[in-house]
Amino acid sequence: MYTKGKMKMENKKMTIAIIILIILIIAIVGFNFAFSEFNNKQTNILTEETNKILQSDITKENIDFNIKTERNYAVVEKAIKEYISELKNIYKEISEIDENINPNNIFSAQNMQDKELKAIDEIITDYNDKIQETTDELEDLLKEDKIKENITKREISQRKEYYINLYNTIMFSDVMKTQYRNLESEIKTEKSKLTDKVKQIEKTNEFLKKNSDSWTIKNDKIQFTNLIRMTEYYNLLNKLAE
């Protein structure tokens with residue numbers, strides 16, 4: 001648990017980091033060409049939109065993905081918001097997999113028609129594949145070259161180097177890197193929870209295979225011929241539902 005002093009210190013660090021980022025953005029603009037009214041306005045809007053993302057918890061808060069800037073500034077804004085959206089979707093995907101695990105649906109009469117429980121084996125394989133896919137996708141998206149590629153591949157009508165530098169200044173700022181780390185930590189936590197549940201599914205599945213002579217499916221329900229095995233099964237199922 002953070003103390004109030006530590007929380008104030010973290011907020012102070014965040015504020016300082018954001019101020020530094022704003023100064024860097026303005027410095028890039030000032031270095032490349034003198035401010036016109038249009039450029040000044042667009043930079044201010046881009047800075048405001050970026051700050052909303054930097055100061056939010058992207059795993060829990062809704063982000064406004066509408067594009068507010070114009071012309072090449074809109075290309076930069078869209079690149080930033082689309083990338084954050086991709087990262088957010090990975091977290092959302094793995095969270096939804098975890099939330100939607102329903103023991104009664106997995107160990108249903110339909111999935112237990114054969115004693116080899118092949119349908120449940122397929123469910124387990126599917127879960128493990130999805131865990132690996134989301135992990136690989138996150139690792140790929142957090143690579144520096146992948147983040148840079150997100151802007152270099154886009155059509156920019158003029159002064160491409162300027163707009164690329166503007167994008168990179170935002171995406172590789174200390175505050176944004178903190179967002180990446182926080183998101184990575186949240187996803188690892190969700191992955192761990194999901195992995196534990198899948199292991200429990202495997203354990204329950206192996207129990208049913210090992211004791212296949214103690215149960216049968218009748219009237220779309222599992223029925224046990226052994227009271228001890230029935231108790232053990234429902235104990236395993238209850239752990240999965242926790």
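# Working through the helices and their charges

Glu-144 and Lys-148 form a salt bridge, with 2.9 Å between their closest N and O atoms. This is a predicted model, and the exercises below start from that pair.

## Exercise 1: A pair in H6

Work out why Glu-144 and Lys-148 are separated by about one helical turn, and say how exposed each one is.

*Solution.* Start with the place of the two residues: both sit in helix H6, which covers residues 144-152. Next, count along the chain. The two are four residues apart in this helix, so about one helical turn separates them. Side chains of opposite charge can pair when their charged atoms come close. Now check the surface. Glu-144 is partly exposed at 47% relative accessible area, and Lys-148 is partly exposed too, at 34%.

## Exercise 2: A pair in H3

Find the salt-bridge partner of Lys-81, then decide whether Lys-81 is buried or exposed.

*Solution.* Look for the carboxylate first: the partner is Glu-77, and the closest N and O atoms are 2.8 Å apart. Then check the spacing. Lys-81 and Glu-77 are four residues apart in helix H3, so about one helical turn lies between them. Finally, apply the cut-off for buried, which is under 20% relative accessible area. Lys-81 comes out at 3%, so it counts as buried. Glu-77 has a relative accessible area of 1%, so it is buried as well.

## Exercise 3: From pairs to a network

Which residues are linked with Lys-81 in a network of salt bridges?

*Solution.* Begin with the pair you already have, Glu-77 and Lys-81. Add Asp-64 and Lys-68, whose side chains meet in a salt bridge at 2.6 Å, N to O. Both of these are partly exposed: Lys-68 has a relative accessible area of 34%, and Asp-64 has 31%. Bring in Glu-49 and Lys-52, and the network of Glu-49, Lys-52, Asp-64, Lys-68, Glu-77 and Lys-81 is complete. For scale, a search of the whole structure turns up 17 salt bridges.

## Exercise 4: Helix H2 from end to end

Compare the reach of helix H2 with the expected span, and list the buried residues of H2.

*Solution.* Take the length first. H2 runs over residues 37-54, which is 18 residues. From the first C-alpha to the last it reaches 26 Å, close to the 26 Å expected at 1.5 Å a residue. Next, pick out the buried positions: Asn-39, Gln-42, Thr-43, Ile-45, Leu-46, Thr-47, Glu-49, Thr-50, Asn-51, Ile-53 and Leu-54. Glu-49 is thus both a buried residue of H2 and a member of the salt-bridge network.

Last, follow Leu-54 across the fold. Its C-alpha is 8.8 Å from that of Thr-178, although the two residues are 124 apart along the chain. Thr-178 belongs to helix H8, residues 174-210, and counts as partly exposed at 25% relative accessibility.

## Exercise 5: Two kinds of surface patch

Which helix gives the most to the negative patch, and which residues make the nonpolar surface patch?

*Solution.* List the acidic residues that gather on the surface: Glu-86, Glu-93, Glu-96, Glu-99, Asp-129, Glu-133, Asp-136, Glu-137 and Glu-139. Assign them to helices. H3 (71-99) and H5 (118-141) each supply at least two residues, and H5 gives the most, with five. Glu-139, for one, lies in H5 and is partly exposed at 48%.

Then turn to the nonpolar patch. Leu-227, Met-230 and Tyr-234 make it, and its area is about 280 Å². Tyr-234 is in helix H9, residues 227-241, and is partly exposed at 35%.

## Exercise 6: Backbone oddities and the whole chain

Where are Arg-71 and Arg-159, and what is the phi of each?

*Solution.* Take Arg-71 first: its phi is near 55 degrees, a positive value in a residue that isn't glycine. Arg-71 lies in helix H3 and is exposed, with 62% relative accessible area. Arg-159 also has a positive phi, about 50 degrees. Arg-159 is in the loop between H6 and helix H7 (160-171), and is partly exposed at 46%.

To finish, step back to the whole chain. It has nine helices and two strands, in the order α-α-α-α-α-α-α-α-β-β-α. Of its 242 residues, 40% are buried.

Technical notes:
Residues are numbered from 1 along each chain as its sequence is written. This is a predicted model: local features need pLDDT of at least 70, side-chain atom pairs count only at pLDDT 80 or more; totals for chains, interfaces and linings use all residues. Side-chain values use heavy atoms; hydrogens and water are left out. The expected span of a helix is 1.5 Å times one less than its number of residues. Buried means under 20% relative accessible area, exposed over 50%, partly exposed in between (1.4 Å probe, protein chains only). Patches are made of residues with over 30% relative accessible area and no salt bridge: like charges are joined within 9 Å, nonpolar side chains (Val, Leu, Ile, Met, Phe, Trp, Tyr) within 5 Å. Accessible areas come from the Shrake-Rupley method with a 1.4 Å probe; for residues, only the protein chains shown count as cover. A salt bridge is a side-chain nitrogen of Lys or Arg within 4 Å of a carboxyl oxygen of Asp or Glu. Lys and Arg count as positive and Asp and Glu as negative; His and the chain ends are not counted. The place of a charge is taken as NZ of Lys, CZ of Arg, CG of Asp or CD of Glu.
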